[in-house]
Structures are given as C-alpha cells and as structure tokens.
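Q: Please pick one part of this model and take me through it slowly. I'm in my first year, and I'd like the terms spelled out as we go.

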Amino acid sequence: MTAAAHFGLLGHGISYSFSPGYFRTKFAQLGLPDHRYELYDVPDAAAVRALFRADPALRGLNVTVPHKRAVIPFLDDLDDAARAIGAVNCIQRLPDATAPDGFRLRGHNTDAPALLHTLRAWYAGPPAGSALVLGTGGAAQAARWAVRELGMQATLVSRSGGDLGYDDLAAGPHALETFPLLLNCTPVGTFPDLEAVPPVPFQRLSPANWVYDLIYNPPQTRLLREAEARGAHTHNGLAMLHQQAELAWAIWNYELRIRNP
C-alpha cells in the first residue's frame with residue numbers, strides 16, 4: 001500500500017476551484033484512498049513553508065491567484081519556465097536532510113506548457129505576427145512564453161503597465177483586427193460576474209480572429225459569446241486547466257516514485 005500523500009491548492013478566495021474535485025476523482029480512479037487534496041485559502045503567500053512544515057505528507061501544491069508571483073521568495077529554486085516567466089503555479093516538495101526544514105520547495109510553471117499544448121492543437125491562424133494578450137499578471141506572462149514558443153510575438157494589453165492600453169485597440173496600427181490571436185488572461189468574466197467583459201472593441205472581430213479565454217467557469221464567457229457571434233474561432237480554458245493539472249501530477253509523482261518504488 002502506498003504511503004499517504006497530501007496535495008492542495010494555495011490561493012485566496014478559491015472556493016470555486018475545480019482542482020479538489022479533479023484530483024479527488026483521479027485518486028479514486030487510481031485506487032489511492034490515502035491521497036488527499038485540500039484548499040489552502042490564505043491571504044499571504046508567506047504561509048507556504050508553514051503549511052509544508054505542519055504536514056510531512058504534503059507533497060505538493062498548485063498555486064493560483066493572487067500568489068503565483070508572491071510565493072516565489074519563499075521557495076528554494078525554480079524550474080526554467082517559472083524563472084523565465086516570473087510566476088509559479090506548482091510547488092514540489094523535495095526531501096533534503098541538509099536544509100533547515102529537512103526539505104526544499106521547487107517552483108514550477110505548468111500553465112505555460114499547458115497553454116502551448118492546447119494552442120498547438122487548436123490554433124490554425126497565421127503562424128507569424130503578434131498575438132494580443134489581455135493582462136500583465138502571472139497568467140499573461142505564461143501566455144507570452146507560450147506565444148513565443150508558438151513562433152509569434154506577444155503584445156500585452158492592460159490599463160497600465162502593458163505594451164498597449166485598451167484604447168489603442170479601437171483604431172490605427174494596433175486595432176483589434178490586426179491581431180489574429182487574442183488571449184484573455186484576466187479574470188474579467190469569470191463566475192459570478194458573468195456579464196463582465198474586458199474593454200476590447202469586440203465589434204471589430206471577424207472570422208479571421210482566434211479568441212482564447214483562459215477562464216473555464218463559465219464555459220462560455222461573454223467575450224467568447226461576442227466573438228462567436230462575429231464568426232471568430234473560440235476556445236475556453238478547460239483543456240488548459242486539465243493539461244496543467246496532469247503536468248503537476250507528473251511532477252509530484254516523479255518524487256513519489258523515487259521514495260516509494
């Protein structure tokens with residue numbers, strides 16, 4: 001029988017998350033009754049080390065808003081993607097007898113490769129040019145990485161701090177229709193504010209546009225409805241969510257296989 005292994009999601013305001021149900025179903029399907037997945041809803045990412053100290057069976061955590069960047073100073077090292085993106089959405093516990101706590105925490109970014117995987121399976125627009133990424137947070141940085149791996153440039157849009165502001169999309173050289181691929185990496189439109197929509201001039205969309213909304217709840221945001229009504233290709237974030245969860249499971253299991261051959 002395998003040793004007990006605990007996992008969870010670190011974030012704040014995360015009662016809506018799909019992750020507990022996803023992993024509990026996985027544990028049941030794999031016959032792992034001693035595995036557990038919980039929500040760790042904490043306002044401060046600094047709590048992460050205390051969580052691992054308090055539970056020796058805690059093998060790994062997913063990380064979501066608002067802690068994807070804030071958690072980094074409390075980790076011991078990062079994988080290449082997390083370092084390049086500056087955001088972490090998966091933490092792996094590694095035993096280390098020389099460390100003060102007896103373990104090290106390694107941060108990974110599975111959002112970026114998960115998004116790249118789903119983009120390659122779905123996007124069939126122009127292979128060059130610039131993709132429009134709404135937002136500047138951790139998800140947007142992961143999207144920038146994925147878009148570049150796809151062979152395109154990434155232009156970030158926000159009310160402040162982006163390459164462009166939303167007003168730039170209304171007309172001129174940066175008009176919305178000049179970007180074949182649009183990715184919404186903001187939480188605007190997620191449950192429960194279902195009618196919210198990023199301030200993009202969606203009336204300029206056409207069948208030449210491909211619109212990917214990383215939101216999965218609801219399955220079709222208002223942005224996707226507006227894009228679909230104008231003939232644009234649309235995609236929500238559910239497949240990406242499943243893919244990043246499977247990548248996290250593979251990361252955590254690598255260490256578990258070493259400890260429990």
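A: Let's start with pairing: two strands count as paired if DSSP finds at least two bridges between them. Strands (E, at least two residues) and helices (H or I, at least four) are DSSP runs, numbered from the N terminus. This is a predicted model, where local features need pLDDT of at least 70 and side-chain atom pairs count only at pLDDT 80 or more, while totals for chains, interfaces and linings use all residues. Residues are numbered from 1 along each chain as its sequence is written, and side-chain values use heavy atoms, leaving out hydrogens and water.

Now, the sheet. It's an open one with mixed pairing, built from six strands in the order β2-β1-β3-β5-β6-β4. The edges belong to β2 (35-41) and β4 (77-78); each has a single partner strand, so one side of each has no neighbour in the sheet.

Zoom in on β1 (residues 5-11) and β3 (residues 58-63): these two run parallel, joined by five bridges. For H6, the bridge partner in β3 is L58. Packed on the sheet is helix α1 (residues 19-29), which touches β1, β2 and β3; touching, or contact, means heavy atoms within 4.5 Å. The direction of α1 makes about 170° with that of β2. For such angles, axes are lines fitted to C-alpha atoms (for helices, over the stretch in contact), and the angle between N-to-C directions runs from 0 to 180 degrees.

One last detail brings us back to strand β1 and its partner: H6 pairs with L58, one spot along that five-bridge parallel match.
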